[in-house]
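Please open the structure in your viewer and keep the sequence panel beside it, since this tour moves from one selection to the next.

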Amino acid sequence: MLESLSISLAALALLVLYQQYRIYGIHKDSSKREELFQIVTENAADMIALVDVKGKRLYNSPAYKRILGYSPAELSETSSFEQIHPDDRFQVLEAAREARATGIGKRLEYRIRHKDGSWRVLESLASAVRDSKGEVAKLVIVNRDITERKRAEEQLEHNRLHDPLTGLPNRGLFLDRLHQLFLRAQRDPAQPYALLLTNVDHFKVFNESMGTAAGDEILREMARRIGASLRQADTIAHHGSGELSPEPMLSRLGGDEFTLLLDGVGDPSDALRIAKRIQAGVAEPLFVGPREVRAALSVGIALSVPGHGQPEELLKDADAAMRRAKALGGSRCEVFDEVMHMRAEGRLRLEADLRNAIAARQFRIYYQPVVQLDTRRVVSFEALLRWDHPTQGLISPYRFIEAAEDSGLMVSIGHWLILQACRQLREWEVNNASGQPMNITVNVSARQFADARLATDLQDALRETGINPSQLQLEMTESVAAADPKLTVTVLSHLKHLGVGVVLDDFGVGSASLRGLWQFPVDALKIDRSLIRDMQSDRAASDMIEVFITLAHKINLKVIAEGIETARQLERLSELGCEFGQGYYFSQPLEAKAALQFLRQQVAPARGTGAGSL
């Protein structure tokens, strides 16, 4: 307060001197006026400048050299606004404009560059000097360096909101952030968050046996290790998207308790994954003096739910889960809701098994024939992924694709599937005596479709196996195509450039509009099996199929019906002009050898007819 008052008094003194020069005629003695002004400014601790109404520097006091390092010559060669921090220039310009217009100076703070490149914080006040007509002719600007004061204030503010032992945000800052997330979630429930509450197992024993100084050292190391665990590149991903969430907030609640706020996390498996990574990060032994210590954490997890009335309720839930973890023996992670916990544990086990499956080569490929309906000839095989689990047997992709997608494993699995399918097609061509041309169709997932390496992977597979690009079709679901139409068009254009065909799967039940078909460069539509199943009992389903076939032919697309199981379905689809189909009526998915045998059993088409192709 006294420093602020002194800067005002200094400016006021200079202004009074100038006014006295004008009123009492002292200004007529130019040399005496300049002498008095120089005496005041050269002995002042603050930086004092005199500028004209256009902002041109007329005078800079010697304090500029001492405080900012610039000589008078350097100041005269440089615009004062070039030295001001870009974020602060507007407010300085506005203050100068206001002072010239009203004659009333405005106190402000801004950053200015020191000659050594660092930034200093100045407190500034401009006072107007009027001419004989009473108009503002000059501005006297008094600047005080308050950098150290600002640093001290910032340090005090930091200390108020941070734990002195670990440097982490304290309970007050944590509760403030929790309250912000709670209010946001009330406005928009689609923005979830999770809270992890950790407690150091047996910390009281450490404290009592080794002393409080050792206990403090353990807490500091726990804080460091938890933070290091969170700095991994894949810290938190929005469930199913792969996109990183905002930086998590780690804080020390008090004693041996740490909290972690995970913004954007709404699935318990994601929170549980982070919790277990933290536990692994602190599990390594640490040395406190000569003693080796092994510390462990119990973690309670709570997720935001609409039923919470106060933000502190989430903390209570996490505390209850953490206490349950301790009661069950410690060094555990528990989710507040038991059902959610079981689901999260199952999901993590599934992801772990998937990683093992890749290394142990547990995936199998089955092939389902796609036939031309009018000739009953096989024209293609769809490669279908299966997981040969060591204890659960064959697992359908419906049970593991989502987990593979969310964990990022589907890209590598999909790359393997494409390469293996192309290799199998080449083997069939060598061993199929009929020489009948064949195609192979491979499904691509949403994550794989968006992966920048997809085109490169395809080129590598085609180059290695030597199959013609036109013999390979990629199958994508309607929902994947509609999710990001711009990306879809770009990727499909690349595929067309490679010569690879594209089939739009599950058509008729997804979110793509009919108009989107003109936009997406695909080769064929695959009508969803649910419509085929209902076509005999539901007139609306039959009518929809007819519309889809008519529309597809209008825009030169071929049509595949999946899930054909009866002769009546086959007959009706043929009447509607559907060209291709697949389903148990023809064959169930087959292993590679059985698929080749199925192909060999086909009677060669009559001369002049062909099997058709996708």
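How many bridges join β7 to strand β8, and how do the two strands run? To find out, select β8, residues 257–263, together with β7, residues 249–254, bearing in mind that this is a predicted model. The two strands run antiparallel, and 5 bridges join them. One pair to pick out is G254 and E257, for E257 in β8 is the bridge partner of G254.

Next, widen the selection to the whole sheet, which is open, has 5 strands in the order β7-β8-β6-β11-β12, and shows mixed pairing. β7 and β12 (333–335) stand at the edges with a single partner strand each, so one side of each is left without a neighbour in the sheet. If you look from one strand to the next, the twist averages 20 degrees.

Now add helix α11, residues 268–282, which lies across β6 (193–200), β8, β11 (297–303) and β12. The helix runs at about 165 degrees to β11.

For the last stop, turn to the largest pocket, which has a volume of about 1200 Å³. Select I401, N443, V444, T477 and D505, because of the 43 residues that line this pocket these are the closest to its centre. Among the elements that give two or more residues to the lining are the helices α14 (397–406) and α15 (410–431) and the strands β17 (472–477) and β18 (501–507). If you colour the lining by residue type, its residues divide into 18 nonpolar, 12 polar and 13 charged.

How values were computed
Residues are numbered from 1 along each chain as its sequence is written. This is a predicted model: local features need pLDDT of at least 70, side-chain atom pairs count only at pLDDT 80 or more; totals for chains, interfaces and linings use all residues. Side-chain values use heavy atoms; hydrogens and water are left out. On a 1 Å grid over the protein atoms alone, a cavity is a set of points where a 1.4 Å probe fits but cannot get out, and a pocket is an open set with protein on both sides within 12 Å along at least five of seven lines; lining residues have an atom within 4 Å of a point. Grid points are joined across faces, edges and corners, and a volume is the space filled by probe spheres set on the points. Helices (H or I, at least four residues) and strands (E, at least two) are DSSP runs, numbered from the N terminus. Ala, Val, Leu, Ile, Met, Phe, Trp, Tyr, Cys and Pro count as nonpolar, Asp, Glu, Lys and Arg as charged, and the others, Gly among them, as polar. Two strands pair if DSSP finds at least two bridges between them. Axes are lines fitted to C-alpha atoms, for helices over the stretch in contact, and angles run from 0 to 180 degrees between N-to-C directions. Contact means heavy atoms within 4.5 Å.
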